Amino acid sequence: MSQADDIRKFVIVNHISPARSRGDAQVSVRAGDVHREMDLSNSMPAVCSAIGSSKFWTEAGVRETKRDGPANSSTVVFTFAIDQSSTIDVAAAEKELRARFGNPDVDNEKILSFNLPDGRAIALQRDIQNVQLWLESSGRTFPSSWEMQLYQADRGRHSNLPGRLKHNPPELLRQQGFPRPVLSVRARNRNEFTNILDWYSQMPNTLDLEALGKLKAAFVSHFPDFEALGFDATHGSYWDEERKYKQALIERVAEVTGRGDELSNAQVGNDVLAILESPESNLLGWRMTDRLRIVRSTATPLINEAAGALLRSPLDPPQAVEEFVQKTWPEYSEGQEGNMPYRDMRTIPTMLLAFAKPERAIGVRYKPIYTAGMRLLHRSLLKNAPFSAAEYGDVLAMSEAILNVMRDDWGWKPRDLWDVQGFIWVTCNGSDADEAVSDEKSIVAESSKKSAAPTNVILYGPPGTGKTYRSAQEAVLLCDGVAPDEQDRQKLMERFNALKDAGRIAFVTFHQSYSYEDFIEGLRPETAAEDEGGQSSSGGFRLKPTDGVFKRISALAEQAGAVRPAASAFDLDGRNFFKMSLGRAYDQSEIYQAAIDGGYVALGWGGDTDWSDPIFEKFDAILEKWRSVEPDISSNRGDVTQTFRLRAMMQKGDIVIVSDGNSQFRAIGEIIGPYEFAKDATDYRHRRKVRWLRVLEKSLPVETILDGKFTMMSLYRIDPKKIKRAALETILGEQGATTTTDLNKDPDPYVLVIDEINRANISKVFGELITLIEPDKRLGCLNALTVTLPYSHEEFGVPANLHIVGTMNTADRSIALLDTALRRRFQFKELMPQPSLLGDNVGGVNIRALLSALNERIEYFFDREHQIGHAYFMECQSRTDLDRVMRTKIIPLLSEYFYDNWEKLREVLGETSDEGHFTVRTKLRPPTTGAMDSDIERYRYDVRPEFPANAYDHFMS
């Protein structure tokens, strides 16, 4: 909101509403009082302008009857007559709700709620004096003057709300994608209450034409030559990318189905399914194609017969598709309890029918159809169940409505529903609706987040067997699919470090003091943030939930690939970076959403002046203009500094990072246009066009791409040295699919490497998350689970594309003693000593034989888990190197193994006399006091400073 909006809202809440509640006929407001109460700085004219306008009178339900005092001064007093007929209280609100919506479904002393015809809920809070409504959020915009608060899906709210509005709904609603975001709206007068009900009652079953217009703009942007060519052209970018190969498939299917009674249903089904499975189609994706081929190989007659019957069915498409699903579901779902094939049973029959009847049927894939439903109808069209006639009917109704708009309003002349399908697939592969996150997780098998089975593996073995070395190789292999050759350590580590810098790999070492607060999240002190002038706005600090390494990489992995379309590569060289706020994070989401949808950034500072004149490219000109209105204005005031940064400092090509509070960011864009003044807007009128490069579903920690945190300044340039370029390039490089062939690409894998995983208290570090790392409990899997974290109270789950690689030294703790919960959830790969990797002649010593002999003796005297790894000897290039390793590493390690029992140590080393090859044993004389039994022999043991030439000979025999 603008400063004027803030002032109007303040006066309504603190002056008008209390007077109306008291039954006063009029109220007087002194401008200076408002100025002081709001702690404004040199804004007296703004106060007088804000509450002396017709806009204020309308919003407040008042009429100005008198104005005393000098204009624009602190002493001016406004007197308003209060229209008591516009008063609204809880009783009047309840009466209106009952008249509109009938009998309530929840009626208790705290909450009264109703169900709308489309199933949505609305609730009136009865346990407060103000008229407070709770509504389901659909992402639609609403008047900025409303006193509204958005509660995200993971945020707690009134405990007595009905199920659809609850933070913790019943299981049945959870299966439908709840909880979802809700709005809490306070009605300050009867007119506003009526407007809220009218706005909310608009049925979301007709297309949101404003949202459809935005999709149209995105489609035309993607195909720049489309408007000149149209759907019926047989050349151009749309034809080449979307329609050409589909048209060829339609014609191939028509050849098969056109042969009439010559072919049986099974033959027709077999031939058309073969077309659908072909590489030329690529409409199913490899997983679905593989599953279809497996089922056809084991249940060929049933699947082929059902497909043929579907293609020839006289039923309407919704009923024909449901009949196919009912016939094939038992066979198709057999053995799939861990991953029910809901997606297959949506996509396969609808694609078949769309080939045969392109004017009446459309192929369904979860992500684009779900996103289109949320954007255009503000509801989900798909359920977590076998596909039904009702669901497909809803999809077809939406698709036909889009086709009608294309044909009748836009003049685009679509051939059939395949053109609607192409339009949806190009524009709706990413969703910026908050509801998409919850619902997508509930529809498991079709989740775009689902990738190959997540890996939880622990590499274990004695010390020196290359576990940490191997963990780097495993991490690179999981990320890239291939890894440099084991022998080329330099290339392997270069790639490992590059992926680490890019945020794809995280590395942590566990130790005895490592805790849940370090790994997941904990409370950390945060000092006061800086104000516009760069000074601390208050003293002291507060405790704030801070993400640990596991939660940070989980957030990155969860959003991999979940972005809006952008270029496949982006060069950051030569660009400036700016941090910018788009409204307050906690209560102005509509400003942010409007900017995302409109492709711009907007500034609330700057007043009502149009700064387009070239003179305002200079800071002094902006300051002078402000001083003509407010002579005492400081050059550090946000209206001056922020305006200059947006107007003059920002240049085309610069990068803007949109903050979400001081510790997170939620979007990244490229400035593509000059300063613009939105004269028709009521606030945030100062703008620049932006090409959004990344819009996040969930905000990420700013440390992901920046050293340090944001300050409270709305807009400022970021020191380029603080930008983590590799990580930023990774985030900008993960693009959402923009064509049919991209839809099946899995999100990039991420890897967390935990070195020495057994050295920490696993139960203490993982806490309740130990369950969530199981492969089938990951987000997007059948048994997906989330938990509410104790400090941030966020709902948290582990994404399926996050792999965990741990290492464990068995000399520290045997695998048998490892936490049982951990052992159940990890695979274990044993790494034992490999003497074959060592040389057979280093300074005349066969190190290979030396290591083998040492380990045989250790296993005999102790156990196999305390052997010595080959890595200790890998760098030995000479006899001097070998002696140093034996003296400084091997002998101390053996001493530790045998708890300073040097006799056992000497036996392992093969010492047969006091003057050994590696150690010297000296007998100690008993004290002369005779206090000890002189028959007990005691020795002092010393490691030789130099080993004799033949020290290793006995290991060779």
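**Entry 1: histidine 870**

I began with the contacts of histidine 870 (contact: heavy atoms within 4.5 Å). Leaving aside neighbours within four places in sequence, I find histidine 870 touching Gly464, Thr465, Met832, Pro833, Gln834, Leu837, Leu838 and Leu851. I note that this is a predicted model, in which local features need pLDDT of at least 70 and side-chain atom pairs count only at pLDDT 80 or more, while totals for chains, interfaces and linings use all residues. Residues are numbered from 1 along each chain as its sequence is written, and side-chain values use heavy atoms, with hydrogens and water left out.

I place histidine 870 in the loop between helix H30 (847-861) and helix H31 (879-897). Helices (H or I, at least four residues) and strands (E, at least two) are DSSP runs, numbered from the N terminus. Is histidine 870 buried or exposed? Its relative accessible area is 5%, so I record histidine 870 as buried. The classes are buried under 20% relative accessible area, exposed over 50% and partly exposed in between, with a 1.4 Å probe and protein chains only.

**Entry 2: the chain as a whole**

I count 33 helices and 26 strands in the chain. Of its 957 residues, 53% are buried. Among contacts between residues at least 6 apart in sequence, 68% join residues at least 24 apart.

**Entry 3: helix H24**

I next took helix H24 (residues 589-598), whose buried residues are Glu590, Ile591, Tyr592, Ala595 and Ile596. An α-helix has 3.6 residues a turn, so residues three or four places apart point the same way. The cover over the buried residues of H24 includes strand S8 (147-151), strand S15 (600-603), strand S16 (655-659), strand S17 (664-677) and strand S18 (686-701). Just after H24, I find glycine 599 with a positive phi of about 70°.

**Entry 4: salt bridges**

I searched the whole structure and obtained 51 salt bridges (a side-chain nitrogen of Lys or Arg within 4 Å of a carboxyl oxygen of Asp or Glu). One of them joins the side chains of aspartate 597 and lysine 214 at 3.3 Å, N to O. This pair links distant parts of the chain, 383 residues apart, with aspartate 597 in helix H24 and lysine 214 in helix H8 (residues 209-222). I list aspartate 597 as partly exposed at 29% relative accessibility, and lysine 214 as partly exposed at 33%.

I also looked up aspartate 408, which forms a salt bridge with arginine 407, the closest N and O atoms being 3.0 Å apart. Aspartate 408 is exposed at 53%, whereas arginine 407 is partly exposed at 42%.

A further salt bridge joins the side chains of glutamate 774 and lysine 777 (3.2 Å, N to O). Here glutamate 774 is buried at 14%, and lysine 777 is buried at 16%. Elsewhere, I find Glu94, Arg98, Asp107 and Arg126 joined into one network by salt bridges that share partners.

**Entry 5: helices H15 and H18**

How do H15 and H18 lie to each other? The axes of helix H15 (residues 342-356) and helix H18 (residues 417-427) come within 11 Å and cross at roughly 135°. Axes are lines fitted to C-alpha atoms, for helices over the stretch in contact, and angles run from 0 to 180 degrees between N-to-C directions. I therefore enter H15 and H18 as oblique to each other; angles under 35 degrees count as roughly parallel, over 145 as roughly antiparallel, 65 to 115 as roughly perpendicular and the rest as oblique. In this contact, Met351, Ala354 and Phe355 of H15 meet Trp418, Gln421 and Trp425 of H18.
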